[in-house]
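Visitor: I am new to this structure and would love a close look at one part of it. Could you pick a place where two helices meet and walk me through it, then show me how it sits in the whole?

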Amino acid sequence: MTKKLESNVFKTALLFEGGSMRGAYTCAVGTYLLEQGVYFDNVYGVSSGSSNAVNYASRDIYRVIGSFTEFVHLPNIGNWKTFLQHKGLFNAHYIYEQAGLPNGPLPFDIDTFNANPAKVTIPAFERDTGRDVFFRKDELRTTPELMLRVRASSTVPLMMPPPKVNGRYCYDGGFAVGGGLPLERIRDDGFERVFVVRTRKRGYRKPEGGNEWARAFFWRRPYMREAMLTRNARYNAACDLLDEWERQGKAYVFYADELTLSGYERDYDELWRNFESGYRQIAREFPRLQDFLARAE
């Protein structure tokens with residue numbers, strides 16, 4: 001008889017920030033939590049952080065790690081050829097919607113994911129309505145349904161073509177509330193405490209501008225254009241809010257102190273070195289994290 005899955009952290013939400021392949025550093029956090037038997041009942045993941053979130057909720061340590069390390073050895077993950085074929089620099093359809101199928105190279109354990117009582121939330125942004133969408137676990141019962149939405153949350157303009165979800169084209173959850181750090185949504189969902197897993201170092205802020213090309217690329221998509229032009233300011237405001245929550249004792253923030261990855265890193269050894277650095281860091285911080293969690297339960 002299969003053991004019933006249970007959660008053991010209820011009053012603190014878990015949020016995985018995005019950052020493309022920088023997730024190789026922070027997937028070590030999901031790995032360590034699972035090894036230590038720390039099971040959050042409410043998990044959020046944005047952009048590539050959505051992969052960390054769903055993999056953690058599937059409790060499959062191999063996939064938690066492999067999605068940001070072994071992943072680069074998969075066939076058809078994308079290159080300039082697929083980019084010119086309008087499939088994306090990362091071949092998103094293959095990565096998200098094929099590799100995780102039962103016969104794929106990185107199969108996703110949908111049965112354990114569904115059996116896990118934890119709630120999972122994945123944000124994305126609707127290109128043509130300007131609406132933030134929040135995909136919830138109880139709506140996602142099959143691997144194709146789930147992975148389409150993980151892909152949507154992870155779709156970076158130019159780098160990947162947008163998938164259509166429920167009849168609407170969707171882009172990266174980093175364009176939704178908080179510019180990639182949906183603290184306000186987490187608060188509105190009823191949580192006053194959060195463990196945030198960052199893919200940036202402490203003090204990082206996005207520089208002003210940087211997305212001016214969106215004026216031309218999205219000239220017929222006003223909602224998407226505005227989301228891109230305001231993203232950096234909204235993200236920086238969320239970083240300021242997170243700093244305030246940390247000072248108030250409402251947030252524990254894991255910063256990627258020794259990160260050396262770019263967002264598009266494909267060097268296998270470099271990805272593993274960053275995973276190992278992330279693993280050492282969360283192991284060092286774990287006693288402090290335990291104290292933070294214990295104060296709420």
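Guide: Let's start with helix H1, residues 23-35, and helix H11, residues 268-294, whose axes come within 7 Å of each other and cross at roughly 45°. That angle makes H1 oblique to H11. The crossing in which H1 passes H11 is right-handed. Please keep in mind that you are looking at a predicted model.

Now for the residues that meet there. From H1, the contact is made by Ala24, Tyr25, Cys27, Ala28, Val29, Thr31, Tyr32, Leu33 and Glu35. On the H11 side you will find Leu271, Asn274, Phe275, Ser277, Gly278, Tyr279, Gln281, Ile282, Ala283, Phe286 and Leu289. Sorted by class, this contact between H1 and H11 has 14 nonpolar residues, five polar ones and one charged one. As you trace the two lists, it helps to know that an α-helix has 3.6 residues a turn, so residues three or four places apart point the same way.

Let's step back to see where this pair belongs. The protein's secondary structure comes to eleven helices and eight strands. Its C-alpha trace spans about 50 × 45 × 35 Å along the principal axes. For 297 residues, a compact globule would have a radius of gyration near 19 Å, and the 18 Å of this protein agrees with that. Among contacts with a separation of 6 or more, 74% join residues that are 24 or more positions apart.

How much of the chain is covered? Of the 297 residues, 57% count as buried. Helix H2, residues 48-58, is a good place to see this, as eleven of its eleven residues are buried. Among them are Ser48, Gly49, Asn52, Val54 and Tyr56. Just after H2 comes Arg59, which has a positive phi, near 60°.

One more stop is Thr143, which has its place in helix H7, residues 143-153. Thr143 counts as buried because its relative accessibility is 8%, and the cut-off for buried is under 20%. Leaving aside residues up to four places away in sequence, Thr143 touches Gly100, Leu101, Phe108 and Ile110.

To return to where we began, look once more at H1 and H11, crossing at roughly 45°, with 14 nonpolar residues in their contact.

Note on methods
Residues numbered from 1 in each chain as written. Predicted model: local features only at pLDDT ≥ 70, side-chain atom pairs only at ≥ 80, totals over all residues. Heavy atoms only, no water. Axes fitted to C-alpha atoms, helices over the stretch in contact; angles between N-to-C directions. Helix = DSSP H or I, 4+ residues; strand = E, 2+ residues; numbered from the N terminus. Parallel < 35°, antiparallel > 145°, perpendicular 65-115°, else oblique. Left-handed = near helix turned anticlockwise from the far one by under 90°. Contact = heavy atoms within 4.5 Å. Nonpolar A, V, L, I, M, F, W, Y, C, P; charged D, E, K, R; others polar. Rg over C-alpha atoms; globule rule 2.2 N^0.38 Å. Buried < 20%, exposed > 50% of the residue type's maximum accessible area, 1.4 Å probe, protein only.
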